[in-house]
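Thank you all for coming; I would like to take a few minutes to walk through one model with you. Please have a look at the sequence and the structure first, and then I will go through the points in turn.

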Amino acid sequence: MGIAVGLVEVLGHPPALSVADTMVKAANVTFVGYEKVSGARLTIIIRGPVGDVQKAVAAGVEAAKQIEVLSSKDKALFLSATVIPRPHPNVEVITKTMQFSEAMEQFR
């Protein structure tokens, strides 16, 4: 069983925090970081066994869709999501936020 990567992209820091919290509570996964894509777009990144990552990403997507958009000019807060079952080592090496760090060991 390989270690998967799960990514959920949202609009805004509060939704990103809520989604990250939901994801780590939904399954046996580790929050390894986030990427600020552009403006207020953030991608939450988790790692874990494939089935757990799939479950956590699904929970994160649902959590993002449940967050109320207060302004009529704002868009939906959920933007995209994906699961990469066993990323190639080359992808992991160039993407630092997808890697486990020593500080995360207690949560693995």
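**From a surface residue to the pocket**

Let me begin with Phe-31, which has a relative accessible area of 34% and therefore counts as partly exposed. Before I go further, please keep in mind that what we are looking at is a predicted model. Phe-31 sits in strand E2, and together with Val-24 and Tyr-34 this residue forms a nonpolar patch on the surface, the three of them offering about 260 Å² of accessible area.

To place that in the overall arrangement, the chain contains 3 helices and 4 strands, and, read from the N terminus, these elements follow one another as β-α-β-β-α-β-α. Of the 108 residues in the chain, 36% are buried.

Now to the largest pocket, and here the patch comes back, since Val-24, Phe-31 and Tyr-34 are among the residues that line this pocket. As a general point, rolling a probe the size of a water molecule over the atoms shows where empty space is left. In this model the largest pocket encloses about 160 Å³ of space, and the elements that contribute two or more residues to its lining are helix H1, which spans 13-26, strand E2, which spans 30-38, and strand E3, which spans 41-49. Which of the elements gives the largest share of that lining? The answer is H1, with 6 residues. The rest of the lining list includes His-13, Ala-16, Leu-17, Ala-20 and Asp-21, as well as Leu-42 and Ile-44. Sorted by class, the lining is made up of 8 nonpolar residues, 1 polar residue and 1 charged residue.

Asp-21, which I just named in the lining, leads me to the charged pairs. In general, side chains of opposite charge can pair when their charged atoms come close. How many salt bridges does the structure hold? There are 2. One of them joins the side chains of Asp-21 and Lys-25, at 2.9 Å from N to O. These two residues are 4 residues apart in helix H1, so about one helical turn separates them. Asp-21 is partly exposed, with a relative accessible area of 34%, whereas Lys-25, at 63%, counts as exposed.

The other pair is Arg-41 with Glu-9, whose side chains meet in a salt bridge at 3.4 Å, again N to O. This pair connects distant parts of the chain, given that Arg-41 belongs to strand E3 and Glu-9 to strand E1, residues 3-11, with their positions 32 residues apart in the numbering. Is Glu-9 buried or exposed? With 12% relative accessibility, under the 20% limit, Glu-9 counts as buried, while Arg-41, at 34%, is partly exposed.

Finally, two further pairs of positions that are separated in sequence. Ala-58 lies in helix H2 and is partly exposed, with a relative accessible area of 44%; its C-alpha is 9.2 Å from that of Val-8, although the two are 50 residues apart in sequence. Glu-68 is found in the loop between helix H2, residues 50-66, and strand E4, residues 78-84, and at 61% relative accessibility Glu-68 counts as exposed. From Glu-68 to Pro-15 the C-alpha to C-alpha distance is 9.7 Å, with 53 residues of separation in sequence.

That is where I will stop, and I am happy to go back to any of these residues.

How values were computed
Residues are numbered from 1 along each chain as its sequence is written. This is a predicted model: local features need pLDDT of at least 70, side-chain atom pairs count only at pLDDT 80 or more; totals for chains, interfaces and linings use all residues. Side-chain values use heavy atoms; hydrogens and water are left out. On a 1 Å grid over the protein atoms alone, a cavity is a set of points where a 1.4 Å probe fits but cannot get out, and a pocket is an open set with protein on both sides within 12 Å along at least five of seven lines; lining residues have an atom within 4 Å of a point. Grid points are joined across faces, edges and corners, and a volume is the space filled by probe spheres set on the points. Ala, Val, Leu, Ile, Met, Phe, Trp, Tyr, Cys and Pro count as nonpolar, Asp, Glu, Lys and Arg as charged, and the others, Gly among them, as polar. A salt bridge is a side-chain nitrogen of Lys or Arg within 4 Å of a carboxyl oxygen of Asp or Glu. Buried means under 20% relative accessible area, exposed over 50%, partly exposed in between (1.4 Å probe, protein chains only). Patches are made of residues with over 30% relative accessible area and no salt bridge: like charges are joined within 9 Å, nonpolar side chains (Val, Leu, Ile, Met, Phe, Trp, Tyr) within 5 Å. Accessible areas come from the Shrake-Rupley method with a 1.4 Å probe; for residues, only the protein chains shown count as cover.
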